[in-house]
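Let's take a walk through this fold, starting with a pair of rings and working outwards to the sheets and helices. Have the structure open as you read.

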Amino acid sequence: MKLTFHGAAGEVTGSQHLLESQGRKILFDCGLFQGRRAESRLKNEKFGFDPRDIDVVILSHAHIDHSGNLPRLYRLGFRGRVFCTPATADIAEIMLRDSAKIQQEDQRYLSRHLKRGHPPIEPLYDQDDVNGLMELFEPLEFDVRHEINSEFRIRFLNAGHILGSAITEVDLEEDGDWKRITFSGDLGRRDLPLLPDPSPIERCDVLICESTYGNRVHPPSSDIKQELLRIMKEALAVGGRVIVPAFALGRTQQLVYFLNELYNSGQLPPIPVFVDSPLSSRLTSTYRDHLGSMDDDVQRMLVDDLDPFGFPWLRYIQSPTESKELNDREGTMLIIASSGMCENGRVVHHLVHSIAEERNTVVLMGFQAEHTAGRRIAERRKTVRFFDRDFRLNAHVEKLEGLSAHADVNDFRWWFEQAVNAGGVGQAFLVHGEPEAATALADVVRDYCDEDPIIPQRGESFEV
């Protein structure tokens with residue numbers, strides 16, 4: 001067997017790992033590389049293989065850096081099958097349609113600003129490509145060994161990262177011998193709201209494992225709810241508004257769930273809460289469709305509360321007109337809007353109307369990448385630039401980092417210990433992490449593997 005790493009190798013985004021065995025070509029994930037525009041375009045436009053040759057894609061979950069280049073794969077000739085969990089199929093369709101819309105909007109914007117003689121810019125894909133791709137999806141349930149054919153079996157285990165996220169076990173027969181290749185996808189944390197903890201794995205010959213936070217210990221998520229309560233009470237006392245930039249998938253649903261818990265317990269102040277993101281609204285509806293796959297706490301809540309994502313003071317905003325009206329609304333309120341790093345979306349307009357006022361608060365819910373408006377707010381710069389204008393940052397800034405959906409070093413150590421108890425790991429490849437994080441994780445998990453862990457680079461191949 002040959003394993004080639006075409007993305008998220010030596011870097012974090014663009015997950016894409018190709019397994020070849022006896023003429024079969026199986027692709028784990030097909031994500032978009034996310035970074036500076038020119039570099040991203042170059043990496044996303046072309047594949048390191050012929051898409052027409054791929055037999056199967058196994059999609060770990062629906063985050064764009066894992067799923068977002070699938071329509072491009074389809075556009076360039078892929079017609080195989082896409083295996084994933086049912087929730088991932090539902091969420092991926094929403095995310096990919098939104099991504100195609102963004103591709104087309106970017107194309108229109110850039111075309112207006114091209115220098116004379118510059119070749120036209122085409123979107124990576126469009127809605128027709130998404131339509132064709134979705135016909136190839138074949139959802140498979142968790143915790144069942146699915147026999148794709150007599151030489152190929154798949155089992156999905158819960159990764160606990162976002163709704164539908166899966167650890168994948170692939171069993172392949174080669175020359176009469178069976179080998180197991182396990183792909184972690186993005187491994188979640190233990191004790192996060194909504195989702196079950198990551199499932200332990202059984203013995204595997206090859207493990208492809210993410211390493212995003214292999215050198216970090218996250219603060220406990222249990223603190224976030226009380227911190228939110230404190231921030232809302234402080235805002236109410238001074239008549240300020242609270243703006244929460246949050247990613248539409250995962251983070252928004254966690255926040256609303258916490259607020260719903262505070263409401264049910266009688267602790268939530270009487271403050272209007274608005275989720276101002278049509279994408280978040282669509283994704284939250286999908287979460288409601290899959291309540292049965294959520295953790296025990298959610299199941300207990302459902303006995304008395306049929307909607308963990310709704311309470312009387314909460315309103316989901318749909319139209320641009322409704323969104324604009326929030327900026328003229330008086331009094332204390334909490335607005336959750338995407339994007340999470342303040343680079344685009346409706347949250348930018350809310351920040352423009354809010355950050356100059358000392359009584360207002362901006363709540364950042366996690367890591368803010370370099371060169372983003374979110375990073376400049378986190379650093380409490382004197383001004384932040386939006387729409388080619390500088391706006392004074394006088395608002396209070398809070399940073400709440402306990403809701404990262406990625407495993408930290410303690411979660412990885414626990415997960416590898418469980419694997420050893422079930423037979424151990426042969427060869428581990430550490431991907432989806434910056435070099436420092438992957439190197440640190442390699443040192444931690446070395447004693448749990450038969451061979452020293454390998455940190456592959458983009459384009460490298462290995463016989464396994």
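F5 and F429 are both buried. Keep in mind that this is a predicted model. The two residues form a tilted aromatic pair, with 5.3 Å from centre to centre and 40° between the planes. F5 belongs to strand β1 (residues 2-7) and F429 to strand β20, so their pairing ties together parts that are 424 residues apart in sequence. F462 joins in as well: F5, F429 and F462 make up one aromatic cluster.

In total there are eleven aromatic pairs in the structure. Another of them is made by Y263 and W313, whose ring planes stand at 85°, so this pair counts as edge-to-face; the ring centres are 5.1 Å apart. Here, too, distant parts of the chain are linked: Y263 sits in helix α7, W313 sits in the loop between α9 (296-301) and β14, and 50 residues separate them. Are these two buried or exposed? Neither label fits, since Y263 counts as partly exposed at 28% relative accessibility, and W313 is also partly exposed, at 31%.

Rings take part in another kind of contact here, with a charge sitting over the face. Two cases are put side by side below.

| Charged residue | Ring | Distance to ring centre |
|---|---|---|
| K43 | F33 | 4.0 Å |
| R79 | Y74 | 3.7 Å |

**The mixed sheet**

Strand β20, home of F429, is part of an open sheet of six strands, ordered β7-β8-β9-β10-β11-β20, and the pairing is mixed. Which strands stand at the edges? They are β7 (146-149) and β20 (425-431); each has a single partner strand, so one side of each has no neighbour in the sheet. From one strand to the next, the twist averages 20°.

At the β7 end, β7 pairs with β8 (residues 152-158) through three bridges, in the antiparallel sense. If you want a place to look, H146 stands opposite I154 in β8. Towards the other end, helix α13 (residues 409-421) lies across β9 (166-174), β11 (204-210) and β20, and runs at about 170° to β11.

Between β8 and β9 there is a loop, and I162 is found in it. Loop or not, I162 is buried: its relative accessible area is 3%, which is under the 20% cut-off. What is I162 in contact with, apart from its neighbours within four places in sequence? The list is H61, A62, H63, L195, L249 and Y287. P51, for its part, is 111 residues from I162 in sequence and 27 Å from it in space, C-alpha to C-alpha.

**The parallel sheet**

There is also an open sheet of six strands with parallel pairing, in the order β14-β13-β15-β12-β16-β19. Its edges are β14 and β19 (396-399), each of which has a single partner strand, so one side of each goes without a neighbour in the sheet. The twist averages 20° from one strand to the next here.

Look at the β14 end of this sheet. β13 and β14 run parallel and are joined by four bridges, and the bridge partner of F274 is R315 in β14. Helix α7 (residues 251-264) packs on the sheet and touches β12 (242-245), β13, β14 and β15, with its direction at about 155° to that of β15. Helix α8 (residues 278-289) packs on the sheet too, touching β13 and β14; its direction makes about 120° with that of β14.

**A two-sided helix**

Helix α10 (residues 320-327) rounds off the tour. Which of its residues are buried? S323, L326 and N327 are. These three span an arc of only 110° around the axis, which puts them on the same side of α10. T321 and K324, on the other side of α10, are exposed.

What do the buried residues of α10 pack against? Their partners are β13 (273-276), β14 (314-317), β15 (334-337) and α11 (346-352). That brings us back to the parallel sheet, whose order includes β13, β14 and β15.

Notes:
Residues numbered from 1 in each chain as written. Predicted model: local features only at pLDDT ≥ 70, side-chain atom pairs only at ≥ 80, totals over all residues. Heavy atoms only, no water. Buried < 20%, exposed > 50% of the residue type's maximum accessible area, 1.4 Å probe, protein only. Arc of directions from axis to C-beta. Contact = heavy atoms within 4.5 Å. Pairing = 2+ DSSP bridges. Axes fitted to C-alpha atoms, helices over the stretch in contact; angles between N-to-C directions. Phe/Tyr/Trp six-rings, centres within 6.5 Å; stacked < 30°, edge-to-face > 60°. Lys NZ or Arg CZ within 6 Å of the ring centre and 35° of its normal.
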